[in-house]
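Trainee: I am new to this structure and would like a close look at one part of it. Could you pick a helix and walk me through what surrounds it?

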Amino acid sequence: MLILVVVAAVISAGLVYAAKIPEIQEELSVLFGTPVTADRSRRGPQILFILFTVTSPLLLAGMLSLGTLIWGKLTNR
């Protein structure tokens, strides 16, 4: 249950961060048919968001696996 809460929190953090990126706001504007006002000169936050959403589940799984391994080694002395 704790792992599900942590994963949901990471996904929520990514969505909150995405809501602040002008390029993502532009995509949502196109989806809902509202006028587009985003500046296309700044792509750094969009790339950072994509890297965050692609790598965060992998990093989270790796950290949980490493934590479980360390915990198992420490308790089986």
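Mentor: Happily; here is a walk along helix α3, with its surroundings first.

This is a predicted model, in which local features need pLDDT of at least 70 and side-chain atom pairs count only at pLDDT 80 or more, while totals for chains, interfaces and linings use all residues. Residues are numbered from 1 along each chain as its sequence is written, and side-chain values use heavy atoms, with hydrogens and water left out.

The protein chain has three helices and zero strands, and its elements run α-α-α from the N terminus on. Helices (H or I, at least four residues) and strands (E, at least two) are DSSP runs, numbered from the N terminus. Of the 77 residues in the protein chain, 16% are buried. Here buried means under 20% relative accessible area, exposed over 50%, and partly exposed in between, with a 1.4 Å probe and protein chains only.

Now to α3 itself, which covers residues 44-75. Its 32 residues should span 46 Å at 1.5 Å a residue, and the end C-alpha atoms are 44 Å apart, which agrees. That expected span is 1.5 Å times one less than the number of residues in the helix. If you follow α3 along, you meet a bend of about 40 degrees at T55, and the proline P57 follows within four residues. The bend at a residue is the angle between axes fitted to the seven residues ending there and the seven starting there.

Which residues of α3 are buried? They are P45, Q46, F49, S56 and L60, and what covers them includes α1 and α2. S56 is a good one to pause at. This serine of α3 counts as buried because its relative accessibility is 13%. Leaving aside neighbours within four places in sequence, S56 is in contact with V10 and L51, where contact means heavy atoms within 4.5 Å.

The packing can also be followed from the side of α2, residues 22-32, where E23, I24, E26 and S29 are buried. Those buried residues pack against α1 (2-19) and α3. Just after α2 comes G33, with a positive phi near 80 degrees.

Stepping back to the protein chain, residues 24 or more positions apart account for 53% of its contacts with a separation of 6 or more. For a contrast with S56, look at M1 in the segment before α1: M1 is exposed, because its relative accessible area is 79%.
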